[in-house]
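Visitor: Please take me through one part of this structure in detail. I would like to see how the protein meets the DNA.

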2 protein chains.
Amino acid sequence: MSATRPEGYDPYAFEPFAVTVDLAVFTVREGRLHVLLVERGQEPYQGAWALPGGFLLPRESAETAARRELAEETGLSERTAADLHLEQLRTYSEPDRDPRMRVVSVAYTALVPDLPEPRGGGDAAHARWTPLPAAAPPGAPGRDRRPAPLAFDHDRILADAYDRIGAKLEYTCLATAFCPPRFTLGELQQVYETVWGVELDRPNFRRKVLATPGFVEAVEGEPRRTGGRGKPAALYRAGAASVLHPPLLRPEGRQQT
Amino acid sequence: MSATRPEGYDPYAFEPFAVTVDLAVFTVREGRLHVLLVERGQEPYQGAWALPGGFLLPRESAETAARRELAEETGLSERTAADLHLEQLRTYSEPDRDPRMRVVSVAYTALVPDLPEPRGGGDAAHARWTPLPAAAPPGAPGRDRRPAPLAFDHDRILADAYDRIGAKLEYTCLATAFCPPRFTLGELQQVYETVWGVELDRPNFRRKVLATPGFVEAVEGEPRRTGGRGKPAALYRAGAASVLHPPLLRPEGRQQT
DNA sequence: TCAAAAGTGTTCGGGTTACACCCATGG
DNA sequence: CCATGGGTGTAACCCGAACACTTTTGA
């Protein structure tokens, strides 16, 4: 804040701003990337789908508000929501992004494992996991579009969030956030392939992941099958590392349609 | 915003939030990284240094406000400020970050070439370029600290901004934003070395930059000397590319003290 | 003639890529 | 016994790190 606007501290001297959080919650299920959407029950955009979110309470930080909303919309306990990976995306402040009043929204991105369908409790009644169109490389010209646009500027927020997570998979260990507590390397590879919309070479992927200290840790116990068939795969859990050195760059050309 | 809080649209139903922008404006001069700071003229934190910034006007987006404040504080014309590289850093919303009222601040990072000292005009009277302590690797335990803490949570914002620009130099072409319109490869290398606090191998740096299409473009004209001595160097200007493929990773160990 | 900075060349090793091949399981 | 997915091995290749060396200028 500036030292040059002393009158700024009368809370009612300016047109008030409302501050909200919006959440782009992603998961991978059935080989598709899904995002959590809620159906709006009122104008404007009544009946349209929107990202979940809500207002900051008077003594709440944006991150706290985001976790609270996430717990409400997904039906998770606040305990569980507190552990989920949440990351601030950016803030959207165009004056007319909400037709009724000035609303500044802090957007967050969350990556969650394949959760059960949002419970009916409260807000979650109108929440659905919605598959994203088959992945195209972020920023590609023919970027696919969902049939019905989302409310407000949420299409923009969703696109930004999608680009961000694709980039983050390259140089962080975030992909494990999409996986259950115990996962196979095949499942981890499917995360990358689903988000990026590419096919990766399994032997190379395997070596790359195992060669990065702290990315995954082997876990004793029963091997498991990723698909219906094939050899059971060893189980791993997420390691302590958060960055990927060197990065796992996504291939450029040749992504699947 | 949520579909579940219909009362949310009465502008006065909630304690109002003030929304501000804060700017971390960096430049490289005399081989040191500098940040633009302003001296606070009033309580709280009277006499302390702070990041420049100010309130959003009623119909202004955060980015517009940031450019306006940047022009005011640096004495640049709004035309020039419109062309500068500005990037949203993140939003700070802790309830008590301002002791007087609820202030949510959208922080921006700007990279500018070595500008003249801020003009005395208006707000810029109390603005100064302040050298950052000799660079240490971001996240290192013994991270250096400036003698006097900044006002509010601006130390935190500055640290976040510093980390961000260091990381951005790795995989974007942003370093040219620190350079004048015509620059030598030696000057560009000094930007990297100053921000990262490391020494780079000149031959390898040169090849890497020239091998990246669109990073820099050769410019006809008089060669120039970077330091006082030595062979005059060819001039370049920033190219059209914005991302660096493959990235220019900073070396890990061996940074200079 | 020396110091300083620009610029060129070359070697070496690690990491990625591409692909061949074997193993374990269910149908 | 075959399809499917897990897992190992290997050779080619690319790129970055390291360093030797030449060129051009000012002092």
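Guide: Here is the protein–DNA surface, one DNA strand at a time. This is a predicted model, in which local features need pLDDT of at least 70, side-chain atom pairs count only at pLDDT 80 or more, and totals for chains, interfaces and linings use all residues. Residues are numbered from 1 along each chain as its sequence is written, chains are lettered from A and ligands numbered from 1 in written order, and side-chain values use heavy atoms, without hydrogens and water.

Start with DNA strand D. It has 23 residues around it, counted as near if one of their heavy atoms lies within 4 Å. A:Arg202, A:Pro203, A:Lys231, B:Asn204 and B:Lys208 come nearest. Sugar and phosphate make up 52% of the strand D atoms within 4 Å of the protein.

Now the polar contacts (pairs of N or O atoms within 3.5 Å). A polar side-chain atom of A:Arg202 sits 2.5 Å from a base nitrogen of strand D. For B:Asp201, a polar side-chain atom is 3.5 Å from a base nitrogen of that strand. B:Lys231 uses a polar backbone atom, 3.3 Å from a base oxygen.

Turn to DNA strand C. It is surrounded by 23 residues, and the closest are A:Asn204, A:Lys208, B:Arg202, B:Pro203 and B:Arg207. Here sugar and phosphate account for 56% of the strand atoms within 4 Å of the protein. A:Asn204 places a polar side-chain atom 2.8 Å from a base nitrogen. A:Lys208 has one 2.5 Å from a phosphate oxygen. B:Arg207 has one 3.0 Å from a base oxygen.

Technical notes. A polar contact is a pair of N or O atoms within 3.5 Å; within protein, one must be able to donate a hydrogen and the other to accept it, and residues adjacent in sequence count only if both atoms are side-chain atoms.
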